[in-house]
Amino acid sequence: EIKGTTEETYKEIAKLSGKITYQDQTFSLGQYITTKEKIGQEGTIFFFTSINKNSEYKNKVYFFDIADSYVKDRMSLYIDGNGFLSWRVIDSNFIIHELKYYIDPWLDGRDFSIGLTWTKDGNLRMYIAGVLEKEIKLDKLELNIESNNMYWGSDIDGEDKMNLLDYNRI
């Protein structure tokens, strides 16, 4: 019980100091976390979170951003200034694909999951709390992100940061 209390206290201190912990390593907001493999033609990103609404959401704030360049082979997930969760994929041919979901009702501190899946056949799917909410079916998807640097809580420039005090868990 003491160990559990200590771990929870440590997590709260990390949140307040603008740090997140991933695989026993602590990172500053906007610092990249290296993925084990490149993001390629097919994949899934899944995580649990709880977020409180904040006045900062008048602007774009990022969950994550990973890219080889600004204009192609890039994947981002952010809350835009209008209360929409936006998953943007810029493919290898410079074409932007975007799924949007009105996330504002979920910004009340309750736990929920976000799942994103994509296939080389061109299926992009966004799941909120285990429910398929948005989907795009393309003829195909050419995506080959070579970078292993995934920025959590900001874009690839370390801008448009999400306030970690709003994260309960990610």
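Trainee: In this predicted model, which side chain meets that of E142 in a salt bridge?

Mentor: The model is predicted, and E142 is partly exposed in it, with a relative accessible area of 28%. The partner of E142 is exposed, with a relative accessible area of 52%. The two side chains meet at 2.9 Å, N to O, and the partner is K140.

Trainee: How many salt bridges does the structure hold?

Mentor: The pair of E142 and K140 is a salt bridge, and R74 and D65 meet in a salt bridge as well. The number of salt bridges that the structure holds is 5.

Trainee: Is D65, which meets R74 in a salt bridge, buried or exposed?

Mentor: The side chains of R74 and D65 meet at 2.5 Å, N to O. R74 has 7% relative accessibility and counts as buried. Buried means under 20% relative accessible area. At 0% relative accessibility, D65 counts as buried.

Trainee: The side chains of K100 and D80 also meet in a salt bridge; how many residues apart in sequence are the parts that this pair ties together?

Mentor: The N to O distance of K100 and D80 is 3.0 Å. K100 lies in strand β8, while D80 lies in the loop between β6 (74–79) and β7, so the pair ties together parts whose separation in sequence is 20 residues.

Trainee: Which residue stands opposite W118 in β10?

Mentor: Strand β9 covers residues 112–118 and strand β10 covers residues 123–128; they pair in the antiparallel sense over 5 bridges. In their hairpin, 4 residues lie between the strands, and G122 takes a positive phi near 100°. The residue of β10 opposite W118 is L124.

Trainee: In the hairpin of β10 and β11, which residue takes a positive phi?

Mentor: β10 pairs with strand β11 (residues 131–137) in the antiparallel sense over 6 bridges. I128 stands opposite V131 in β11. This hairpin has 2 residues between the strands, and the one with a positive phi, near 50°, is A129.

Trainee: What is the accessible area of the nonpolar patch that includes F94?

Mentor: F94 is found in the loop between β7 (84–90) and β8 (96–102). F94 is exposed, with a relative accessible area of 51%. Together with Y70 and V71, F94 forms a nonpolar patch on the surface, and their accessible area together is about 340 Å².

Trainee: How many contacts does the stretch of residues 1–6 have beyond near neighbours in sequence?

Mentor: The mean pLDDT of the chain is 76, and 68% of its residues reach 70 or more. Over residues 1–6 the pLDDT is below 50, and the number of contacts of this stretch beyond near neighbours in sequence is 0.

Terms used:
Residues are numbered from 1 along each chain as its sequence is written. This is a predicted model: local features need pLDDT of at least 70, side-chain atom pairs count only at pLDDT 80 or more; totals for chains, interfaces and linings use all residues. Side-chain values use heavy atoms; hydrogens and water are left out. Patches are made of residues with over 30% relative accessible area and no salt bridge: like charges are joined within 9 Å, nonpolar side chains (Val, Leu, Ile, Met, Phe, Trp, Tyr) within 5 Å. Accessible areas come from the Shrake-Rupley method with a 1.4 Å probe; for residues, only the protein chains shown count as cover. A salt bridge is a side-chain nitrogen of Lys or Arg within 4 Å of a carboxyl oxygen of Asp or Glu. Buried means under 20% relative accessible area, exposed over 50%, partly exposed in between (1.4 Å probe, protein chains only). Two strands pair if DSSP finds at least two bridges between them. pLDDT is the predictor's confidence in each residue, from 0 to 100. Contact means heavy atoms within 4.5 Å.
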